[in-house]
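Here's a quick briefing to read with the model open in your viewer. Grab a coffee and scroll along.

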Amino acid sequence: MHAPFWLTTALLSPILLYQGKRARRVTPRLPEASGATSGQYGAGAPEFRLLVIGESTAAGVGVATHSDGLASQLALRLNQRTGKTIAWQTFGVNGIRLGNLLQTLASENLPPADSIVLSMGVNDTTGFTTRAQFRQHLKTLRSAIAPLSQAPITLLSVPPMEKFSALPSPLRHVMGWRARQLDRIYQELALQTPADFRYLNYPTVEDPSLLASDGYHPSQRGYQFIAEALATRDWGV
């Protein structure tokens with residue numbers, strides 16, 4: 001138990017509850033992206049298969065179609081950098097927590113992949129998932145998707161919610177504190193079990209021109225910005 005965090009949260013709970021309810025009420029709820037959830041860049045059989053799973057970012061919230069979302073844009077840039085044929089698939093649910101994602105994935109028929117990327121953390125932050133639960137859910141996920149890929153799951157860093165300017169203070173600072181705690185679990189697992197997990201930190205989308213109309217999710221340019229940053233890392237393509 002992280003006593004300082006929970007004590008602070010308890011003391012500020014009346015303010016946090018009010019600000020949280022107001023933020024949900026006034027923030028536009030954007031839809032998930034539509035269109036095909038898979039594709040490829042390049043001709044012939046894929047030489048590298050990318051699968052992105054998770055919450056709203058994997059669901060393409062902030063853009064109209066999945067072709068403008070994270071998986072597609074990352075695959076495009078990997079194709080451009082390597083000249084190889086890159087296949088992509090995305091599966092995401094807006095507003096989902098990791099424990100619920102595990103249940104949902106059990107009924108999905110996802111394809112094998114050379115790299116599986118997990119984009120999660122915001123909803124587990126706002127939902128106050130305990131650190132022990134979050135860690136266990138990650139380990140369960142690794143076992144559950146083993147038939148799809150033996151490569152380490154790429155854990156994209158939990159967004160620094162203290163920088164979400166659309167959230168009022170002190171709510172965004174408490175959420176940022178919690179997000180850092182969950183992100184440290186990512187980092188610890190990547191260090192302790194590199195055969196199962198690897199950690200990637202990518203630039204925060206803060207420029208308003210890179211954000212969708214809700215002020216939270218990436219816009220089309222925002223997803224391109226993230227994909228370009230991630231494509232510079234080693235993907236083993």
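Let's start with Asp114, which touches Glu47, Phe48, Arg49, Ser149 and Ala151 once residues up to four places away in sequence are set aside. Keep in mind that this is a predicted model. Asp114 sits in the loop between helix H3 (98-105) and S4, and the notes below work outward from there.

**Asp114 and its surroundings**
- With a relative accessible area of 30%, Asp114 falls in the partly exposed class, because that class covers the range between under 20% (buried) and over 50% (exposed).
- If you want a sense of distance, try Asp114 and Thr27: their C-alpha atoms are separated by 37 Å, and the two are 87 residues apart along the chain.

**Ser119, in strand S4**
- Strand S4 covers residues 115-119, and Ser119 belongs to it.
- Is Ser119 buried or exposed? Its relative accessibility comes out at 5%, so Ser119 counts as buried.
- Leaving out residues up to four places away in sequence, the contacts of Ser119 are Ile53, Gly54, Glu55, Thr57 and Leu156.

**Thr129, between two helices**
- Look for Thr129 in the loop between helix H4 (122-126) and helix H5 (131-144).
- Thr129 is a loop residue, and it counts as buried, at 6% relative accessibility.
- Apart from neighbours within four places in sequence, Thr129 is in contact with Arg97, Asp124, Phe134, Arg178 and Leu182.

**Salt bridges**
- How many salt bridges does a search of the whole structure find? The count is 5, and three of them are picked out here.
- Arg77 and Glu228 pair up through their side chains, with an N to O distance of 3.2 Å. Arg77 is in helix H2 (residues 70-82) and Glu228 in helix H7 (residues 220-231), so this bridge ties together parts that are 151 residues apart in sequence.
- The two ends of that bridge fall in separate accessibility classes: Arg77 is buried at 11% relative accessible area, whereas Glu228 is partly exposed at 36%.
- Glu228 also meets Arg81 in a salt bridge, at 2.8 Å from N to O. Here too distant parts of the chain are linked, with Glu228 in helix H7 and Arg81 in helix H2, 147 residues apart. Arg81 counts as partly exposed, at 47% relative accessibility.
- Arg180 forms a salt bridge with Glu162, where the closest N and O atoms are 3.4 Å apart. Arg180 lies in helix H6 (residues 171-192) and Glu162 in the loop between strand S5 (153-156) and H6, so to speak 18 residues apart, and the pair links distant parts of the chain.
- Both partners are partly exposed: Arg180 has 39% relative accessibility, and Glu162 has a relative accessible area of 22%.
- Which residues do shared partners join into one network? Arg77, Arg81 and Glu228 are joined that way.

**The whole chain**
- The secondary structure adds up to 7 helices and 6 strands. Going along the sequence, the order is α-β-β-α-β-α-β-α-α-β-α-β-α.
- The radius of gyration is 18 Å, close to the 18 Å that the globule rule gives for 237 residues, so the chain is as compact as a globular protein of that length.
- Along its principal axes, the C-alpha trace spans about 60 × 40 × 30 Å.
- Contacts lean heavily on sequence-distant pairs: among those with a separation of 6 or more, 79% are between residues 24 or more positions apart.

**Surface and charge**
- Of the 237 residues in the protein chain, 48% are buried.
- The chain exposes about 11,000 Å², with carbon and sulfur atoms supplying 54% of that area.
- For your electrostatics setup, the tally is 22 positive and 16 negative side chains. The centres of the two sets lie 7 Å apart.

Note on methods
Residues numbered from 1 in each chain as written. Predicted model: local features only at pLDDT ≥ 70, side-chain atom pairs only at ≥ 80, totals over all residues. Heavy atoms only, no water. Helix = DSSP H or I, 4+ residues; strand = E, 2+ residues; numbered from the N terminus. Rg over C-alpha atoms; globule rule 2.2 N^0.38 Å. Buried < 20%, exposed > 50% of the residue type's maximum accessible area, 1.4 Å probe, protein only. Contact = heavy atoms within 4.5 Å. Areas by Shrake-Rupley, 256 points an atom, 1.4 Å probe, with all protein chains shown as cover. Lys, Arg positive; Asp, Glu negative; His and termini not counted. Charge placed at Lys NZ, Arg CZ, Asp CG, Glu CD. Salt bridge = Lys/Arg side-chain N within 4 Å of Asp/Glu carboxyl O.
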